[in-house]
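Me: Could you take a close look at one part of this model for me, the place where two helices pack together? I'd enjoy a connected account of it.

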Amino acid sequence: GDLYGVGRSTVRVLHSFGIRTIGDLAVFPTDVLRRRFGKIGSDLSRLARGQGNDKVLTPEELPAEKSMGHAYTFSHDITDPALLSGSLHLLCERVARRLRAKQRAGKVVTITVRYHGMETHTHGHKLKRNVDQEADVFTAASELFHQIYEPPRPVRLLGVSVSELESTVQIRQCEMFTPQRDPAQVARVYDDIRERFGINSIGYASGLFNSSNGSLKSRRGASAHVISVGFRPFYSTA
């Protein structure tokens, strides 16, 4: 599972072959892997042996990310509006946290809705300013969702992304005489708590729904001795 491109499904297949380690994979017959996985089978064998000419980049050499997003495929189709809204909120939380971790903010919010049967719709909106706060991302994403969602059609996948990213350091330099908003201060505390105690340690109350209904898994709630908080959006795209 530490190899690039090896997910849980591939790990299960490799286990069925008796392959438990990268060393096991390195000595396993490549032709068998190729018959099972196609071209990827050859790539797996090559990666396990440390072969290849891929260029390794230092963090300073990595290209700037053009967008950041998260998507979630439900275990079964969802029609409950509360579960869809809660799932959308959690996705916005995760996107905003990634943005702040990379000191990036973006102007374009895009959502993806996939219905039963793989029919997929994507819709985006350009905001007037760069955002990296959950409240801002969710306000835009929720509006976009209600523009394209066709209730009560069952939804299989939801996705949220933010693009046209800029450095928040540069943005703040341009706004050096603008008073800092309280939500940004709250977000820093929020990120510190999650960094120290885990991603599920604090979040929106909308995340307190039952994962058995097919929504995003959440361990929040009284049983985990966790407090959930909410943020009031401080602007509207309406």
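Reply: Happy to; here is a walk through that helix pair. The model is predicted, so local features need pLDDT of at least 70 and side-chain atom pairs count only at pLDDT 80 or more, while totals for chains, interfaces and linings use all residues. Residues are numbered from 1 along each chain as its sequence is written, and side-chain values use heavy atoms, leaving out hydrogens and water.

Two packed helices are described by the angle between their axes and the distance between the axes. Here helix 3 (residues 30-37) packs against helix 4 (residues 39-48) at an angle of about 140°, and their axes are 6 Å apart. Axes are lines fitted to C-alpha atoms over the stretch in contact, with angles from 0 to 180 degrees between N-to-C directions; helices are DSSP runs of H or I with at least four residues, numbered from the N terminus. Helix 3 and helix 4 are therefore oblique to each other, given that angles under 35 degrees count as roughly parallel, over 145 as roughly antiparallel, 65 to 115 as roughly perpendicular and the rest as oblique.

The crossing of helix 3 past helix 4 is right-handed, the near helix being turned clockwise from the far one by less than a right angle. On the helix 3 side, Thr30, Leu33, Arg34 and Phe37 make the contact (heavy atoms within 4.5 Å); helix 4 contributes Lys39, Ile40, Gly41, Ser42, Leu44 and Ser45. Sorted by class, this contact has 4 nonpolar, 4 polar and 2 charged residues. Ala, Val, Leu, Ile, Met, Phe, Trp, Tyr, Cys and Pro count as nonpolar, Asp, Glu, Lys and Arg as charged, and the others, Gly among them, as polar.

Conventions:
Helix = DSSP H or I, 4+ residues; strand = E, 2+ residues; numbered from the N terminus.
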